[in-house]
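Colleague: I should like to learn how to read helix packing and pockets. Please guide me through the example shown here.

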Amino acid sequence: MATDGPAQEALPDGLLIERSRVDPEAFAAVFDRHAAEIYRYLSRRAGASAADDLTAETFLVAFRERARYDGSRPDARPWLYGIATNMLRGHHRAEVRRFRALAKGEADPIVQHDADGVLDRVAAGQAGRRLAAALARLSAGERDALLLFAWQDLGYAEIAAALGIPIGTVRSRLSSARKRLRTSLADLDPAHFPDLYTETDPS
């Protein structure tokens, strides 16, 4: 079945995914719309070398699971971030190693790939290294929730949907993560990390 490109571009994600169940090519529009954003998220967390494969795997899983998507949800980002975060499960140790390397000044991959996120607002390299060390000490669940909130601007309900956890658990993990960061970075100006400390739910 042929797809109408211009009309398709205006459709919400839910309708595109529903359409892709009978017209698989329609799913390409979902990829085109969100792949760059998912890549940036994965690159920040797993490194550029792994992000290409992880992005491809994320959308492959999404395509295979598209029949289970709730078409009433117009924005597929929480669903895609959930899949991407699951793809990272096998990379959590590597992620911690990257944060620790950054903390030691051995690498700077996060800043390179965070032109529009929180770390570009870090005023000095020392502050960035301290933040990386603090992030490495968070639990995987705390880090998932915090970085989806701070880097990807997902609201609490969207994070809950992405991670498949109750919204109360999201609040608990964010609160715990922020408390631990405040303790670790108590001597630094909180203005360096506004998105990490904010309590405002963007949704």
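Modeller: In this predicted model, the buried residues of helix 5 pack against helix 2 (13-20), helix 3 (27-46), helix 4, helix 9 (140-150) and helix 10. Contact means heavy atoms within 4.5 Å, and helices are DSSP runs (H or I, at least four residues), numbered from the N terminus. Residues are numbered from 1 along each chain, side-chain values use heavy atoms without hydrogens or water, and local features need pLDDT of at least 70, with side-chain atom pairs counted only at pLDDT 80 or more, whereas totals for chains, interfaces and linings use all residues.

Colleague: How many residues of helix 5 are buried?

Modeller: Buried means under 20% relative accessible area, exposed over 50%, and partly exposed in between (1.4 Å probe, protein chains only). Nine of the eleven residues of helix 5 are buried, among them Trp 79, Gly 82 and Ile 83.

Colleague: Why does Leu 60 count as partly exposed?

Modeller: Leu 60 counts as partly exposed because its relative accessibility is 40%. Leu 60 lies in helix 4 (residues 48-64); from Leu 60 to Ile 83 the C-alpha distance is 10.0 Å, with their positions 23 residues apart in sequence.

Colleague: How does one look for empty space, and which helix supplies the largest share of the lining of the largest pocket?

Modeller: Rolling a probe the size of a water molecule over the atoms shows where empty space is left. Helix 5 supplies the largest share of that lining, four residues. The lining of the largest pocket includes Pro 78, Trp 79, Gly 82 and Ile 83, as well as Ala 161 and Ala 162.

How values were computed:
Helix = DSSP H or I, 4+ residues; strand = E, 2+ residues; numbered from the N terminus. 1 Å grid on protein atoms, 1.4 Å probe; cavity = no way out; pocket = protein on both sides within 12 Å on 5 of 7 lines; lining within 4 Å.
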